[in-house]
Every structure is written in C-alpha cells, then in structure tokens.
Amino acid sequence: MSNPPRNQDPRGVRKAEGSSAVDDFVREVEQLPASRSAGGRGRLLFAMDATASREPTWDHACTIQGEMFVATETLGGLDVRLAFYRGFDEFKVSRWTADGHELARLMSGVRCLAGRTQIGRLLAYAAAQRRESRLDAVVFVGDCCEEDVDAVGHEAGQLGLLGLPVFVFQEGEDRVASRLFPQIARLTRGAYCRFDRSSPDQLKRLLGAVAAYAAGGRQALLKYGREQGGAAALLTNQMK
C-alpha cells in the first residue's frame, strides 16, 4: 500500500495546510466523550520531546503554554505535570502545578540534549499515573520516533484500555512519526494534529482546546470557543 501524500491524513482525507489542520483537530476533539464533568479540577500530563532537534519549539512552547490555564479558569481549573525525555536515557517529571507562571519557570529551566526518543516509556508512565491517581488527558509534542513502533503501539493500546486519551502534536514531517503518531491518538481515543512552529497561534489554540476538554469535556471546548472569539470562535463554527 502506498503512503498517503503529506497533506493527506491516514484515513485518506485531504487536508489544507496551516489553520485548517488545526480546525480538523478540534473537530476530532469535539467528537470525543466528556472526560469529566465541569466544576472539578482537570489533570493534564504535558509531555514533550526534549532532544536536541526540539529546542526551537521547546522555547516556543514555554511562552504560550499559559493558554492551557486560561482555557480552564471557569471550569474549576487545571493541574499540569510536565514530563520530558532527553539525553542518554533521561526521563523526568515535575510536580503538579496549577500556575502557568510556575510551569513556564519549570520549562525554562530545561535544556534540550541530544538523545533518542522514549515515547514508549512516556506512555507507560502515563498508564501508571492513570492507575494510581486521577489523570484526564495527555498532551505529547514531538517530531520523530526512534523506537520499535509496535512496542510503542502496545503502550498506547494500554492507555486506550484505561480510557486515557493522548493528544499528539507533531512538528515536521518525519515519515515514521507521520505514521505512528496518528495511531497513538487512535489507539488512545485521543486526537492528532501536525503543527508549524512558524505560526505561533497554532500551538496556543491546540493547547487551549485540549485543556478545556480535560477540565470539562466536549461542551467545555465549545464554550471556550464562544468566549474567546476570534480564531477560537471560528473553530466553534466549524464544529457545528
């Protein structure tokens, strides 16, 4: 079977570049069942590849991740734990925080280091957290995979059984990642989107959308779009 064109997703649906891909992603999120009821604090694992190739986008994410907290202020709030891998077999996780400035401080203290990906390890950690405590969603931002894709798929399947969705944001067009990352989203009943670091608003919109979903489910995502107006309102209109 031939690979789909770069602007076509694995299901054969041709996508436009840029913001329309983000719109498609949010439409996928809108179709998901509510992860929790509004009024309580959501818990989100914000996981990032911190290997050398990711340094420009890591710095970018540090400046815009606060949108995750803004999106959930009226829903009871959001607790976020930062997780990242880098260097030689290094995998670290921060404490929980409900403060966007604190998360930015934690992220700014991380320096990207050359090393191989550890996506399977990350997903296994998320599964353990789901079993041991409340965790409503996982965000993963990465650009490639250097692991056994079947082993990674197995870990993703475990999260699917646990009912924990992973929202995968891919930077760039790595061929292995382009095939694997949508499968991680599908196996966990999450969603997938490719983003472009040259458009700062894209990742901001995506993070805000997932945070709203983690805190209050589908209806919270729609409400977020109505309240924010502008590009967020356009996303809501696309969902209808």
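**Exercise 1. Helix 5 against helix 6**

Task: Find the angle at which helix 5 and helix 6 pack, and say how the two helices are oriented.

Solution.
Step 1. In this predicted model, helix 5 spans residues 119-132 and helix 6 spans residues 149-162. They pack at an angle of about 20 degrees, and their axes lie 8 Å apart.
Step 2. Angles under 35 degrees count as roughly parallel. Helix 5 is therefore roughly parallel to helix 6.
Step 3. Now the handedness. Helix 5 passes helix 6 in a left-handed crossing.
Step 4. List the residues that meet. Helix 5 supplies I119, G120, L123, A124, A126, A127, R130 and R131. Helix 6 answers with V152, E155, A156, Q158, L159 and L162.
Step 5. Sort the residues of this contact by type. Nine are nonpolar, two are polar and three are charged.

**Exercise 2. One glycine in helix 5**

Task: Decide whether G120 is buried or exposed, and find what G120 touches.

Solution.
Step 1. Place the residue. G120 lies in helix 5.
Step 2. The cut-off for buried is under 20% relative accessible area. G120 has 13%, so G120 is buried.
Step 3. Look at contacts, leaving out residues up to four places away in sequence. G120 touches E147, V152 and E155.
Step 4. Take one pair across the sequence. G120 and C145 are 25 residues apart in sequence, and their C-alpha atoms are 9.7 Å apart in space.

**Exercise 3. Helix 6 against helix 7**

Task: Describe how helix 6 and helix 7 cross, and what types of residue make up their contact.

Solution.
Step 1. The two axes come within 7 Å and cross at roughly 20 degrees.
Step 2. Helix 6 is therefore roughly parallel to helix 7.
Step 3. The crossing of these two helices is right-handed.
Step 4. From helix 6, the residues in contact are V149, V152, G153, A156, G157, L159 and G160. From helix 7 they are V176, L180, I184, L187 and T188.
Step 5. The tally for this contact is eight nonpolar, four polar and no charged residues.

**Exercise 4. The sheet**

Task: Give the order of the strands in the sheet, and name the edge strands.

Solution.
Step 1. Six strands form an open sheet, in the order 3-2-1-4-5-6, with mixed pairing.
Step 2. The edges are strand 3 (90-93) and strand 6 (191-195), each pairing on one side only.
Step 3. On average, neighbouring strands are turned by 15 degrees against each other, direction ignored.
Step 4. Look at an antiparallel pair. Strand 2 (residues 78-86) is joined to strand 3 by four bridges, and the two run antiparallel. Here R86 stands opposite E90 in strand 3.
Step 5. Add the helix on top. Helix 7 (residues 175-188) packs on the sheet and touches strand 4, strand 5 and strand 6. The direction of helix 7 makes about 165 degrees with that of strand 5.

**Exercise 5. Strand 5**

Task: Work out how strand 5 pairs with strand 4, and which residues of strand 5 point which way.

Solution.
Step 1. Strand 4 (residues 137-142) and strand 5 pair in the parallel sense, over five bridges.
Step 2. Pick one bridge. V141 has F169 of strand 5 as its partner.
Step 3. Recall the rule. In a regular strand the side chains alternate between the two faces of the sheet.
Step 4. Apply the rule. V166, V168 and Q170 point one way from strand 5, while F167, F169 and E171 point the other way.
Step 5. Check the cover. Strand 5 (residues 166-171) has six of its six residues buried.

**Exercise 6. Two positive phi angles**

Task: Locate D89 and R189, and decide whether each is buried or exposed.

Solution.
Step 1. Most residues other than glycine have a negative phi.
Step 2. D89 is not a glycine, yet has a positive phi of about 60 degrees. R189 also has a positive phi, near 60 degrees.
Step 3. D89 sits in the loop between strand 2 and strand 3. R189 sits in the loop between helix 7 and strand 6.
Step 4. Exposed means over 50% relative accessible area. D89 has 53% relative accessibility, so D89 counts as exposed. R189 has 61%, so R189 counts as exposed.

**Exercise 7. The whole chain**

Task: State how many helices and strands the protein has, and what share of its residues is buried.

Solution.
Step 1. The protein has nine helices and six strands.
Step 2. Of its 240 residues, 55% are buried.
Step 3. Among contacts with a separation of 6 or more, 77% join residues 24 or more positions apart.

Methods
Residues numbered from 1 in each chain as written. Predicted model: local features only at pLDDT ≥ 70, side-chain atom pairs only at ≥ 80, totals over all residues. Heavy atoms only, no water. Axes fitted to C-alpha atoms, helices over the stretch in contact; angles between N-to-C directions. Parallel < 35°, antiparallel > 145°, perpendicular 65-115°, else oblique. Left-handed = near helix turned anticlockwise from the far one by under 90°. Contact = heavy atoms within 4.5 Å. Nonpolar A, V, L, I, M, F, W, Y, C, P; charged D, E, K, R; others polar. Buried < 20%, exposed > 50% of the residue type's maximum accessible area, 1.4 Å probe, protein only. Pairing = 2+ DSSP bridges.
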